[in-house]
Amino acid sequence: MPYHEFEVSKCIPERKKHAVVKGPGEDLTSALPAGYLSTIPGTISERGCAYCGAKHVIGTPMKDVIHLSHGPVGCTYDTWQTKRYISDNDNFQLKYTFATDMKEKHVIFGAEKMLKKNMLEAFKAFPEMKRMTVYQTCASALIGDDIDAVAQEVMEELPGVDIFVCNSPGFKGPSQSGGHHTINIAWMKNKVGQVEPKITSDYVINYVGEYNIQGDQEVMQDYFKRMGIQILSTFTGNGSYDDLRAMQGAHLNVLECARSAEYICNELRVRYGIPRLDIDGFGFEALSHSLRKIGLFFGIEDRAEKIIAEETARWKPELDWYKERLNGKKVCLWPGGSKLWHWAHAIHAEMGVEVVSVYTKFGHQGDMEKGIARCEEGALAIDDPNELESLEAMETLKPDCIFTGKRPGEYAKKVRVPYLNAHAYHNGPWKGYEGWVRFARDIYNAIYSPIHQLALVDISKDELAAGTGFVTRRMLSDASLPEKVRSSETLRQYTGQFDSVSGFRDKTYPVFERKPEVETVGA
Ligand code: SF4
């Protein structure tokens, strides 16, 4: 059997079916780890809850909205600030979070009155905000507070205000993935179709499953605008509440994160006949294919090809500078869900790094299937790992870097393994051509940082070795490179700006002529 048993989890035999090693010539289907199941008692998981999946991942990136959690303040705290989904309205949704702060007395006597008071107070405190999303938590779900009825009362009292209620308590599903599903369907059911879209182009898309982490959405939006495509809405990074109520007006749903947002695309296809096109903004090849596919759909391939040629010529020499220095480095690709298959092949092919392990916290078996298929033989694939398993994997696989979340990232540092934040990035955006180079630069900076030489020195008892001289990243990375690579005049280190996003916000774009109206006989 290809299953992998961790020494540390021998006392939990059920864990064995959650890890496999991709062996030579093995049938992928029999090698698939179990996935998207409830966490096994006895193991402690790195997962979030379904409320977190609904609010933190999908709801909160909406920019012009008061995001209010109806529950204990701790739920709110854990879904605030840790993901850097910036916006072009001064990051309102990142700066402010709202909570009703339920206590025992509310659990006993009900909290609807308090909820209404909080909603009115929040609108009064931010009068320019006319939109609100209210998130149910475990506590408010268990006592049966009718949030929809309270929202209706507030909308009647405050004309011009619109409120979306998301009933996705923490226990709704085995992980945050349950919350992704719930909020997708709730938005579709309750909000899409309420606003009439303003169409300004012959090519109109919804950009779905994109959360604008450190500006990813704005990078991709720039390419679409250069192609003359109108982005009617983004679900949900840098997205506007009312634009998302008009999603029914698009000609195409362009989907990035299929794990968290395929549900709304599928519903838009069923209810409004809008086709779905899956794309990938990470990696030169995948991104070029994606722009080409969109161009083909609309019959504007030439515009896509122009962008691909310009961007590749500008950024490829910089990507290759890093590839030379990252070649053969081993990484563990341990993100939440879809990035394991967005990144696995692309980082190997375009940066030369070897993916020795993939894991997912909330991915489904389909995510694992795609992730494993894109890994090299010998990779260890783990579903919903616990901390001890991750440590054991790092000890045996000896990666040069891991890409994961903050919690596993912190304990990785303690065993002298550098980590990059796969959820919120280090110095992103990482999407787009320039973004991919920034990702390579962040990997390079992490792996070759001289600080790791010191990480395991116990300064309470060990003396620091003196006289070893000053070491830089470049000295470490270039030591074994051939001279012609070291002194290459075509390859170069990243030369972009520290802030590569702000410039997009004032940019003007070419105006493409609209197609002439065609009269339909007998219409
Ligand atoms: S599981 Fe329930 S109580 Fe815990 S954070 Fe999630 S919503 Fe709050």
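A salt bridge is here a side-chain nitrogen of Lys or Arg within 4 Å of a carboxyl oxygen of Asp or Glu, and by that rule the structure holds 37 salt bridges. The model is a predicted one, in which local features need pLDDT of at least 70 and side-chain atom pairs count only at pLDDT 80 or more, while totals for chains, interfaces and linings use all residues. Residues are numbered from 1 along each chain as its sequence is written, and side-chain values use heavy atoms, with hydrogens and water left out.

**Stop 1: the two domains**

Select residues 50-190 as domain 1 and 317-486 as domain 2; these bounds come from an automatic or database domain assignment. The C-alpha centres of domain 1 and domain 2 are 35 Å apart, and the contact between them (heavy atoms within 4.5 Å) takes seven residues from domain 1 and seven residues from domain 2. The area buried between domain 1 and domain 2, meaning the accessible area (1.4 Å probe) that two parts lose on being put together, summed over both, is about 580 Å², and carbon and sulfur atoms give 52% of it. On the side of domain 1, show Thr82, Arg84 and Ser177, which lose the most area to domain 2 and together make up 59% of what that side buries. Between the two domains the count of salt bridges is zero.

**Stop 2: Gln93**

Move next to Gln93, which sits in helix α3 (residues 92-95); helices (H or I, at least four residues) and strands (E, at least two) are DSSP runs, numbered from the N terminus. Is Gln93 buried or exposed? Gln93 counts as buried because its relative accessibility is 1%, where buried means under 20% relative accessible area, exposed over 50%, and partly exposed in between (1.4 Å probe, protein chains only). Leaving aside neighbours within four places in sequence, Gln93 is in contact with several residues, among them Thr60, Met62, His67 and Tyr85.

**Stop 3: Phe282**

Phe282 is found in the loop between β9 (276-278) and α12 (284-298), and with a relative accessible area of 3% Phe282 is buried. Add Trp430 to the selection: the C-alpha atoms of Phe282 and Trp430 are separated by 7.1 Å, although the two are 148 residues apart along the chain. Beyond its neighbours within four places in sequence, the contacts of Phe282 include Trp343, Trp430, Lys431 and Trp436.

**Stop 4: Glu210 and Lys431**

Keep Lys431 on screen and select Glu210, since the side chains of Glu210 and Lys431 meet in a salt bridge of 2.3 Å, N to O. This pair links distant parts of the chain, with Glu210 in strand β6 (residues 204-210) and Lys431 in the loop between β14 (419-421) and α18 (432-447), 221 residues apart. Both Glu210 and Lys431 are buried.

**Stop 5: Arg47 and Asp384**

Arg47 forms a salt bridge with Asp384, with the closest N and O atoms 3.5 Å apart. Arg47 lies in the loop between β1 (19-21) and α1 (50-59) and Asp384 in the loop between β12 (380-383) and α16 (387-397), so this pair ties together parts that are 337 residues apart in sequence. Arg47 is buried at a relative accessible area of 11%, as is Asp384 at 5%.

**Stop 6: Lys507 and its network**

Finally, select Lys507 and Asp222, which form a salt bridge whose closest N and O atoms are 2.7 Å apart. Lys507 belongs to the segment after α20 (483-486) and Asp222 to helix α9 (residues 216-226), 285 residues apart. Lys507 is partly exposed, with a relative accessible area of 35%, whereas Asp222 counts as buried at 2%. Extend the selection to Arg226, Lys306, Glu310 and Glu311, which are linked with Asp222 and Lys507 in a network of salt bridges.
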